[in-house]
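Here's a quick tour for anyone meeting this structure for the first time. Have a look at the sequence and the model, then read on.

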Amino acid sequence: MKRRFQALHPDEFVPGAAALTPERLSARGIKGVIFDIDNTVVPQDDPADERARQLFRRLHEAGIRTFIVSNNAEPRVKTFAGAVGSEYCFKARKPSAKGFREALRRMGLARDEVIAVGDQLFTDIWGANRAGIRSVLVPPVDPKKDTKGIRIKRFFERIVFRSWKKSEKNS
Ligand SMILES: [Mg+2]
């Protein structure tokens, strides 16, 4: 059945990036994780904290590849990626699928071996879906640090999110 807003629906919702433990991912055959940074791993424009470093370290130690696909500018993304030891691409223009495809190519992994995690339906989730990658939505780390433009999008996101919840219930 075709659903309203289907392209914007995540495949999954988890309460936070920390829920993505290597054990859970490996059990599902996941070999790589594509991350958004801002409000997915840390608050908007915040540097990598110990929690973030630990998240990436645990994945890497378990042999799971990571790749950051961010719409933010190079200095921000490069610094963060360096701190957590991840490969990255910046100014990805999500919901374009381009950054996600680049991530697959550079990780050397197939679509079904990877998940993509993000806090925004209109960029992260839509982009991942377009690239045919399993999309995982997290709630924003700190909604107060959303930029004005993002706050407007959140209003529409709530409408789509509710439609997704409803379709989940009926499936
Ligand atoms: Mg974000």
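## A first look

K144 is exposed, with a relative accessible area of 71%. Here, exposed means over 50% relative accessible area, buried means under 20%, and partly exposed is in between, using a 1.4 Å probe and protein chains only. This is a predicted model, so local features need pLDDT of at least 70 and side-chain atom pairs count only at pLDDT 80 or more, while totals for chains, interfaces and linings use all residues. Residues are numbered from 1 along each chain as its sequence is written, and side-chain values use heavy atoms, with hydrogens and water left out.

**Salt bridges**

- K144 pairs up with D142 in a salt bridge, and their closest N and O atoms are 3.8 Å apart. (A salt bridge is a side-chain nitrogen of Lys or Arg within 4 Å of a carboxyl oxygen of Asp or Glu.)
- Four residues, R65, E87, E102 and R106, are joined into one network by salt bridges that share partners.
- How many salt bridges does a search of the whole structure find? It turns up 15.
- One of them joins D38 and R76, with 2.6 Å between the closest N and O atoms. D38 sits in the loop between β2 and α2 and R76 in helix α3, so this pair ties together parts that are 38 residues apart in sequence. (Helices, H or I with at least four residues, and strands, E with at least two, are DSSP runs numbered from the N terminus.)
- Both ends of that bridge are tucked away: D38 is buried at 9% relative accessible area, and R76 is buried at 13%.
- R76 has another partner in D45, where the closest N and O atoms are 4.0 Å apart. This pair also links distant parts of the chain, with R76 in helix α3 and D45 in the loop between β2 and α2, 31 residues apart.
- D45 is partly exposed, with 47% relative accessible area.

**The magnesium ion**

- Which protein atoms are donors of the magnesium ion? They are D36 (OD), D38 (O) and D119 (OD), lying 2.1 to 2.2 Å from the ion. (Donors are N, O and S atoms within 2.8 Å of the metal, or 3.2 Å for Na, K and Ca; water is not among the atoms, so sites may look incomplete.)
- Along the sequence, these donor residues follow the spacing D-x1-D-x80-D. D38 and D119 link distant parts of the chain, 81 residues apart: D38 is in the loop between β2 (32-35) and α2 (50-61), and D119 is in the loop between β5 (114-118) and α5 (121-130).
- Are D38 and D119 buried or exposed? Both are buried.

**The nonpolar inside**

- The largest nonpolar core has 27 residues, and F35, I68 and F80 have the most contacts inside it. (Such a core is a set of buried Ala, Val, Leu, Ile, Met, Phe, Trp, Tyr and Cys residues joined through side-chain atoms within 4.5 Å.)
- β2, α2, α3 (74-84) and β5 are the elements that give two or more residues to this core.
- Another core, of 16 residues, lies apart from it, and I34, C89, L104 and M107 are among its members.
- Leaving aside neighbours within four places in sequence, I68 is in contact (heavy atoms within 4.5 Å) with residues including F35, F56, V77, F80 and Y88.

**Helix α5 and the loop between β4 and α4**

- G127 belongs to helix α5 and is buried, with a relative accessible area of 0%.
- Not counting residues up to four places away in sequence, G127 touches P95, S96, A97 and F100.
- G127 and G99 are 28 residues apart along the chain, yet 8.6 Å separates their C-alpha atoms.
- P95 is in the loop between β4 (87-89) and α4 (98-107), and the peptide bond from K94 to P95 is cis, with omega near 20°.
- K91 is in that loop too, and has a positive phi of about 40° although it is not a glycine.
- R93, in the loop between β4 and α4, likewise has a positive phi without being a glycine, near 55°.
- K91 is exposed at 54% relative accessible area, and R93 is exposed at 70%.
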